[in-house]
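Subject: Structure handover

Hello,

Here is the structure I said I would pass on. Please look it over before reading the notes underneath.

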Amino acid sequence: MATGRTHRPATRSRGIPEATVARLPLYLRALTALSERSVPTVSSEELAAAAGVNSAKLRKDFSYLGSYGTRGVGYDVEYLVYQISRELGLTQDWPVVIVGIGNLGAALANYGGFASRGFRVAALIDADPAMAGKPVAGIPVQHTDELEQIIEDNGVSIGVIATPAGAAQQVCDRLVAAGVTSILNFAPTVLSVPDGVDVRKVDLSIELQILAFHEQRKAGEEATPNGAGPVAASRNESTDQGPDGDVPAVMPA
């Protein structure tokens, strides 16, 4: 069985844009749902709507995969599932370690979607000695003293950090030094990593803040349905306009 250490997906070598790579899981999720309903083919419009993108962008994305569909028929669902899974590297086994088995780490360990998507939780690691040996999702928790050996023994290249913010960078440094080259970071902090290491950050509080921004804006629009309220006035009076004549939106970084 292949592991993440010995086999990597070919997206970068084939020149697929990062924006397209980010949308491939959305297509795969929609296609998997169609497959589970035994739908044999799907049009670009139907699939784009299910994935939340426009059909022209979907067709462009699929052109990078060499998949163009059949006029009047659409795309073969099962073949696209295979094609995208292969491109994302999901047709092989990816051992993953989760570091930090608090409430969030335990929830991640219990998530049933890892195995069905090509990921195997190889180990759960925590710094609390009292946690050592305790089973979470049927996997005994191991102490952080064993981290490097665990990574070597399991050929791990993907690490998940679910520790408090203050411990995240040290854990990250140890993961990288042990050979981990991809990190999914749930800790509320920015990690510093060397070139060649990929980090994806998941910050639930930032996502909620962005939603709060939109809720506040919608509330303001409802209060001033004709656009004559203070927000509209300040927009009209502002001289700090973007290239299209609109005030640039301010969003959390």
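The notes below cover the sheet, the helices that lie on it, and one tyrosine elsewhere in the chain. Please keep in mind that this is a predicted model.

The sheet

The sheet is open and has seven strands, and its pairing is mixed. Read across, the order is β5-β6-β4-β3-β7-β8-β9. Strands β5 (135-136) and β9 (198-201) each have a single partner strand, so they stand at the edges with one side left without a neighbour in the sheet.

Some of the pairings in detail:

- β4 (residues 119-126) runs parallel to β6 (residues 139-143), with three bridges between them. In this pair, Leu124 is opposite Val141 of β6.
- β3 and β7 are parallel and are joined by four bridges. Here Val99 faces Ile161 of β7.
- β7 and β8 are also parallel, again with four bridges. Ile161 has Asn185 as its bridge partner in β8. Between these two strands the chain passes through α8, which makes a right-handed β-α-β crossover.

Ile161 therefore turns up twice, given that a residue in β7 can be followed to Val99 and to Asn185.The helices on the sheet

Helix α7 (residues 147-154) lies across β3 (94-99), β4 and β6, and its direction is at about 165 degrees to that of β4. Helix α8 (residues 165-177) also packs on the sheet, where it touches β3, β7 (158-161) and β8 (182-185). The angle between the directions of α8 and β7 is about 170 degrees.

Strand β7 is covered on both faces. Ile158 and Val160 are buried on one side, and Gly159 and Ile161 are buried on the other.

The tyrosine

Tyr27 belongs to helix α1 (residues 18-36). Is Tyr27 buried or exposed? Its relative accessibility is 0%, so Tyr27 counts as buried, the cut-off for that being under 20%.

Which residues does Tyr27 touch, leaving aside those up to four places away in sequence? They are Leu47, Ala51, Val53, Lys57, Leu58, Asp61, Phe62 and Ile84. As for Leu80, this residue is 53 residues from Tyr27 along the chain, and the two C-alpha atoms are separated by 9.0 Å.

Regards

Note on methods: Residues numbered from 1 in each chain as written. Predicted model: local features only at pLDDT ≥ 70, side-chain atom pairs only at ≥ 80, totals over all residues. Heavy atoms only, no water. Pairing = 2+ DSSP bridges. Contact = heavy atoms within 4.5 Å. Axes fitted to C-alpha atoms, helices over the stretch in contact; angles between N-to-C directions. Buried < 20%, exposed > 50% of the residue type's maximum accessible area, 1.4 Å probe, protein only. Right-handed = clockwise from strand over helix to strand, strands pointing away.
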